[in-house]
Each structure stands twice: as C-alpha cells, then as structure tokens.
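Hello,

Here is the structure I promised to pass on to you. Have a look at it first, and then read on for what turned up.

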Amino acid sequence: MKSLKHTTLGLVALACTSAFAQENYKDLINKVEISEYSDRYTPVQYITPATKFSKKPKNVIFFIGDGMGQAQVYAALTANGGQMYMSQLNLCGYSQTQSWSDYVTDSAAGGTALACGQKTRNYMVGMSPDSVAIPSMLELAEKAGKATGVVVTVAVTHATPASFVAHVNDRHKYEEIASFYPNSGIDVFIGGGMKHFTERKDGRNLVKEMTEKEGYRFYEDLNSAKNDNKSKLAVLAYPEHMPDVTSDRKFSLAESTKKAIDILRQDKNGFFLMVEGSQIDWGGHHNVISEVVNEVIDMDKAVGEALKFAAEDGETLIVITADHETGGLSIINGDYKTGAVKANFSSGNHTGIMVPVYAVGPGAEEFHGWYQNTEVFDRIVKQLNIKK
Ligand code: MG
Ligand code: ZN
C-alpha cells in the first residue's frame, strides 16, 4: 500500500546488563523504537446507540490479529491520532492464550483453540493433543448450511487460516493443509499460497480440481475478480505470503474483507467469516513498531468494512481477538498530534500475556469477562447455534 507512510525516527538498542537493579531503570530497556504515522483516517461511527440489533446473530465476522496484544492496538490508536474503528466494539474481555503443551503458544495451537475450542500442542492444527481431528467453527457453520469464508494476508495454508480448514499434526505441512480446501465447501477464500495448490510434490493441481469438480473460480488479483460476486471464489494473489503492507501489496485487507462480505451476505442462512491481520505478528518478531502499527491499521480498516455492513444488517456479531501477543511490546511514550509512538520490545517471540477480546452486535455481551481462548469458540458457536 503506497498510501501508508511511516518514518522511523530512531532505533536504539541498549544491552540489558542488570535487569533487576532498581537504581538503574534504563537497563530494563531492551530495544526502543519510535515510529511516526502520517496517513491519518477518520473512522466513520457506524455503530451508535441508535443501532438496532436482532436478539441472536445470523452472521459472525471473526477477526484475529495475529500477535495483537493491547499494546499493539494502542500503538495503532496513538498513531492514528487517538481514534480507530476497533473502539466501536465496546464489549471487552480477556483471553488466556496458553496452549496444552506450552505457557507461550504458537499460532497453530492458538488458532486451533480459537477455531476448534480445544487446547492442543504447539504446531498442531485442528487436532487434539492426541492427534484426533476436531471440527472448527467454520466447518460447523458450513454443516449448518451457512456460507463460509477466510480472508488473510499470508498463505491460506498458514497456521491461523489452516486451523479453520485443516487437520494436521504439523503446521509446516502446507501442501497437506491445502488439500483440505477441496470438498471443504468454503464459499470464498482470499490470501496468498498459490504454490501450495499448484506446485505440489504429489503432482495434484488443486486449482484445476476445484475448478473442474466444484465450480470454483480462481483469481490472482482482487481486481480481476471485480465482476465476480458469486460463491466459490478464491483469490490467491501470491505464491506464498503477501508482502509487507507498506510495500506493494496488491490489495488491502479492507478490500478483500468487503469482497468476502459481498459474496457471503447473499446466503439466506447467514455466514461465518474469519479475517486475519496475519502480519501484525511479524512486526512483533522483527521488533519494528512501524510494521506493527501499519499492519494493525490495515486490519482496523477491514474492521471498518465489517462495521459498515453490521450496522445496516443488524444480525451480525463481530468479534476481534488475537491468538497471542508478540514482542512483549510496551509503549513508553506517544503523541496523538504527530502519531509518534515510542515503543519498547522485550522479546523477539510470542509472550504469554492475555490478549483482548472485543465484540459488538447481537450476542456481544457474551464476550465480557476473563476466560480461556477456547471459550471464544464456545461463545461463538453458542451464539450461532451451530454445534451438532
Ligand atoms: Mg497467523
Ligand atoms: Zn509469530
């Protein structure tokens, strides 16, 4: 996205010598980075006290900010001058992210807990710790006759989207994960990962199979799909992941989310859509605050598209959460006027701190409180009434 500009003003790395010396607080700082965001947007207030909602949701739009803790959200809020779409989801909770095997989860176990409602071993996708496949909320929604979709900014075979579609004991089995897309019934999926469908060791061409046997249309850009708004649409825009949002990503998450909603909303039985801000996590791993800010903002604009639809539809529950926090991010200082954020990362990896859950729409009050990540699944399937 060329329009997203950022300036890195400074980068200071200080060695952590005596982490517990009370008299020397500066030693606690591992890495301080300042980003300044200049391309402001004013979020439209789609949800107001006058917005009318049904009693139960017919549709769910489920956002996962990979690696998005409270500090990541607040950094983006500060960068955008103190406002963002996410603040319209004013029913809040906390999710504990520990996996079955580890205090600090990876995105496979974290995704599986959210998608399937069961804690599992790190690296496992859609399976219990003893390697039994467990159905995801997307699969339950599909079985209940709803339309379903997945929209991400990485390969659609990456851990988070895979948790909703596939069942494998190792997240790195990308080609095996891709082979769960045929016969999944999924109505729309948008992201990267074409090569896992077409350049496979087993010689199968899943694009050809899904086109010929199931009537899917595959595109390599959102623009070339602009006149196609029917179910069974796939956009695989890159061989693997999308590039960084500040470089030439073909389209924004807001555009792909809008496309998915336009298709899914046609289903009379309602829909389930998972949207992932996939690369917030990578900004955390890289300890680059401008990357974190730009990726959260990319997702926030997609939240805006969901809110716009939900406000007029009245039967759509929107839930936003994360699989885990990444980077041990803290905000030391900020400036709403300039959008500057002074950030400190304490880790290059995921952390165990609980992550926020934000909800709005029918059933949103169910997400208030403090609970395990698996209960996000419990609450969504209960609201959609899709469990067997
Ligand atoms: Mg992910
Ligand atoms: Zn990560």
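What kind of site do the four donor atoms of the zinc ion (ligand 2) form, judging by the angles among them? Please keep in mind that this is a predicted model. The site is irregular, with angles of 58 to 148° among the donors. To count as tetrahedral, four donors would need all their angles to lie between 85 and 135 degrees.

Who holds the zinc ion (ligand 2) is easy to list: Asp281 gives two OD atoms, while His285 and His350 each give NE2, at 2.1 to 2.4 Å. Along the chain, these donors follow the spacing D-x3-H-x64-H. Because Asp281 belongs to helix α9 (residues 280-286) and His350 to strand β14 (residues 350-351), the pair ties together parts that are 69 residues apart in sequence.

Are these two residues buried or exposed? Asp281 is buried, at 6% relative accessible area, and His350 also counts as buried, at 11%.

Now to the sheet. Ten strands make up an open sheet with mixed pairing, in the order β7-β8-β6-β5-β9-β3-β10-β15-β4-β16. At its edges are β7 (217-219) and β16 (369-372), each of which pairs on one side only. On average, neighbouring strands of this sheet are turned by 15° against each other, direction ignored.

One pairing to look up is that of β3 (residues 59-65) with β9 (residues 271-277): the two run in the parallel sense over six bridges. There, Gly65 stands opposite Gly277 in β9.

Enjoy exploring it!

Best wishes

Note on methods. Residues numbered from 1 in each chain as written. Chains lettered and ligands numbered in written order. Predicted model: local features only at pLDDT ≥ 70, side-chain atom pairs only at ≥ 80, totals over all residues. Heavy atoms only, no water. Pairing = 2+ DSSP bridges. Helix = DSSP H or I, 4+ residues; strand = E, 2+ residues; numbered from the N terminus. Axes fitted to C-alpha atoms, helices over the stretch in contact; angles between N-to-C directions. Donors = N, O, S within 2.8 Å, 3.2 Å for Na, K, Ca; no water. Tetrahedral: all angles 85-135°; square planar, octahedral: opposite > 155°, others 65-115°. Buried < 20%, exposed > 50% of the residue type's maximum accessible area, 1.4 Å probe, protein only.
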